[in-house]
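Here is a quick tour for anyone meeting this protein for the first time. Take a look at the sequence and the structure, then read on.

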Amino acid sequence: MKLLTPLRAAILIAVTAVSMTGCQLTSSELPAISDSGTKNSGHVVWHDLITPNLAQSQAFYSSVFGWQFQAVNDSYTLASLDGKLIAGMAELDNKQNASHWLSLISSKDIAAVSEKTIKAGGKVLVSSTEIKGRGTIAVLEDPQGLCFR
């Protein structure tokens, strides 16, 4: 059994924190992942930045890309560009003091994608979890150790 690296552990904690944030909010506080409401399997539909310093990350992305931010709570904020939501940012302390982007890839059948992930040499790190108002996610890992949802 492979032990969790500090990075993987931090990502799992962050995913849990983001998931719990979503569970504590009403569906009107977090936007739907897709504007159309349809699931386009295999499409990257959302990104969350997991960062140990939310204010520093906001300052950086604001100055480089002109992103604007709307706090959902003390540890999660939404990023937008030209009035369109583009990503989320979650603050989480980690030993590496590093930020990591976590992609959300759309699927019509999470169970099938989880099974295919295992057959292709990947892993299921967190099984299907409901995020109120946003849908169901699972946290998967490809054979090279990259996490995605």
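## The overall layout

Following the sequence from start to end, the protein chain runs α-β-α-β-β-β-β-α-β-β-β. That makes 3 helices and 8 strands; here helices (H or I, at least four residues) and strands (E, at least two) are DSSP runs, numbered from the N terminus. Keep in mind that this is a predicted model, where local features need pLDDT of at least 70 and side-chain atom pairs count only at pLDDT 80 or more, while totals for chains, interfaces and linings use all residues. Residues are numbered from 1 along each chain as its sequence is written, and side-chain values use heavy atoms, with hydrogens and water left out.

Of the 149 residues in the protein chain, 38% are buried, meaning under 20% relative accessible area (exposed is over 50%, partly exposed in between; 1.4 Å probe, protein chains only). As for contacts (heavy atoms within 4.5 Å), take those in the protein chain with a separation of 6 or more: 59% of them link residues 24 or more positions apart.

## The sheet and its helix

Now for the sheet. It is an open one of 5 strands, in the order β2-β3-β4-β1-β5, with mixed pairing; two strands pair if DSSP finds at least two bridges between them. At the edges sit β2 (68-73) and β5 (100-105), each pairing on one side only. From one strand to the next, the twist averages 25 degrees.

Strands β1 (residues 44-51) and β4 (residues 84-91) run parallel and are joined by 4 bridges. Within this pair, Leu49 stands opposite Met89 in β4. Helix α2 (residues 54-65) packs on the sheet and touches β1, β2, β3 (76-81), β4 and β5. The direction of α2 makes about 150 degrees with that of β4; axes are lines fitted to C-alpha atoms, for helices over the stretch in contact, and angles run from 0 to 180 degrees between N-to-C directions.

## A charged pair

How many salt bridges does the count come to? The count is 1 salt bridge, taken as a side-chain nitrogen of Lys or Arg within 4 Å of a carboxyl oxygen of Asp or Glu. The side chains of Lys119 and Glu115 meet in it, at 3.2 Å from N to O. Both lie in helix α3 (residues 110-119), 4 residues apart, or about one turn of the helix.

| Residue | Relative accessible area | Class |
|---|---|---|
| Lys119 | 67% | exposed |
| Glu115 | 47% | partly exposed |
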